[in-house]
Amino acid sequence: MTIRILIADDEALLRMAFSTVLEAQPDMAPVGEAADGAQAVRLARELRPDVVLMDVRMPGTDGIEATRQIIGISPQSRVLILTTFDLDEYAFAGLSAGASGFLLKNTRPEELLTAIRSVAAGDAVVSPRITRRLLEHLRPHIPDGSGSGRDELLSRLSAREREVLVQVGCGLSNSEIAATLYLAEATVKSHLGRILHKLELRDRIQAVVFAYESRLVHPA
């Protein structure tokens with residue numbers, strides 16, 4: 001399977017650099033480039049890419065609004081936000097708009113490629129640090145979870161899957177969960193896939209929020 005990627009960045013040299021890295025991968029193909037958010041939305045509608053690499057700060061329609069529109073018109077497309085700025089408001093706004101990941105542009109090429117593959121496979125790519133800060137942001141808005149059908153959903157999980165969900169809710173990465181529960185990292189990934197399927201969730205971020213809303217994890 002070839003991952004079809006749209007690159008959205010207002011700097012031509014960066015678009016060229018990303019394209020060069022992606023073209024060298026046997027399982028990736030850059031299918032378009034956009035210099036601003038509006039163009040990214042148009043190309044996403046036309047090309048239906050698997051993954052969109054999205055800059056935040058662009059002229060006209062910014063990357064956050066472009067993400068929101070792309071998810072609306074092409075929900076199968078996954079957006080991976082790349083930015084120079086490690087600011088909470090960008091991470092929170094991007095994830096709220098439907099992005100599946102948030103990385104800094106100084107991320108090493110191999111980490112970027114791993115993130116693209118993960119996002120294309122349906123996972124979310126957000127550092128545990130960002131996840132924990134996201135939870136701090138969400139904490140005042142988390143409902144009590146009663147009468148919402150979450151108990152019925154939780155009953156679908158095995159005891160081990162609940163344990164994994166709790167660790168995800170605490171903001172741990174797959175490798176950290178593996179070390180905590182004495183599991184192989186591949187086993188953790190398999191458990192997480194089943195959790196998302198059983199709970200009818202889109203990605204890891206939704207699983208984190210679900211863990212808090214269902215009170216599996218309590219604000220500390």
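**Group meeting talk: a walk outward from Ile70**

Hi everyone, let's begin with a single residue: Ile70 sits in helix α3, which covers residues 63-73. Please keep in mind as we go that this is a predicted model.

So, is Ile70 buried or exposed? Its relative accessibility is 0%, and because the cut-off for buried is under 20%, Ile70 counts as buried. Who are its contacts, once we set aside the neighbours within four places in sequence? They are Ala40, Val41, Ala44, Val52, Met54, Pro75, Ser77 and Val79. I also have a distance for you: Ile70 and Ala38 are separated by 32 residues in sequence, and their C-alpha atoms are 9.9 Å apart.

Two of those contacts of Ile70, Val52 and Met54, take us to strand β3, where both of them are buried on one side. On the other side of β3 we find Val51, Leu53 and Asp55, also buried, and both faces of the strand are covered. That makes five of five residues buried, so β3 is largely enclosed by the rest of the structure.

Now let's look at what β3 pairs with. Strand β1, residues 3-8, and β3, residues 51-55, run parallel and are joined by four bridges. Within that pairing, Ile5 has Val51 as its bridge partner, and Ile7 is opposite Leu53. With β4 the pairing is parallel too, and here there are five bridges. Val51 appears again, this time opposite Arg78 of β4.

Let me zoom out to the whole sheet. It is open and has five strands, paired in parallel, in the order β2-β1-β3-β4-β5. Which strands form the edges? Those are β2 (28-34) and β5 (101-104), each of them pairing on one side only. On average, neighbouring strands in this sheet are turned by 25 degrees against each other, ignoring direction.

Two helices that pack on the sheet deserve a mention. Helix α1, residues 12-23, touches β1, β2, β3 and β4 (78-83), and its direction makes about 165 degrees with that of β2. Helix α5, residues 109-120, touches β1, β2, β3, β4 and β5, and its direction makes about 155 degrees with that of β4.

Let's move along the chain to helix α9, residues 174-181. Which of its residues are buried? They are Asn174, Ile177, Ala178 and Leu181. Looking down the axis of α9, these buried residues fall within an arc of 100 degrees, so they line one face of the helix. What do they pack against? The answer is three helices by name: α8 (159-169), α10 (185-199) and α11 (204-213).

Next, some backbone angles for those of you who like torsions. Most residues other than glycine have a negative phi. Just after α9, Tyr182 takes a positive phi of about 60 degrees. Arg48, which is not a glycine either, has a positive phi of about 50 degrees. Arg48 is in the loop between α2 (37-47) and β3, and with a relative accessible area of 34% it is partly exposed. Then there is Glu200, again not a glycine, with a positive phi of about 60 degrees. Glu200 lies in the loop between α10 and α11, and its relative accessible area of 60% makes it exposed.

Here are the overall numbers. The protein has 11 helices and five strands. Of its 220 residues, 49% count as buried. The accessible surface is about 10300 Å², and carbon and sulfur atoms hold 54% of that. Taking the contacts with a separation of 6 or more, 67% of them are between residues 24 or more positions apart.

Finally, a word on confidence. The mean pLDDT of the protein is 84, with 85% of the residues reaching 70 or more. Which elements sit at the two ends of the scale? Strand β1 has the highest mean pLDDT, at 96, while helix α6, residues 128-138, has the lowest, at 62. Where pLDDT is low, the predicted coordinates should not be read in detail.

That's my tour, and thanks for listening!

How values were computed: Residues are numbered from 1 along each chain as its sequence is written. This is a predicted model: local features need pLDDT of at least 70, side-chain atom pairs count only at pLDDT 80 or more; totals for chains, interfaces and linings use all residues. Side-chain values use heavy atoms; hydrogens and water are left out. Two strands pair if DSSP finds at least two bridges between them. Axes are lines fitted to C-alpha atoms, for helices over the stretch in contact, and angles run from 0 to 180 degrees between N-to-C directions. Contact means heavy atoms within 4.5 Å. pLDDT is the predictor's confidence in each residue, from 0 to 100. Buried means under 20% relative accessible area, exposed over 50%, partly exposed in between (1.4 Å probe, protein chains only). The arc is that of the directions from the helix axis to the C-beta atoms. Accessible areas come from the Shrake-Rupley method with a 1.4 Å probe; for residues, only the protein chains shown count as cover.
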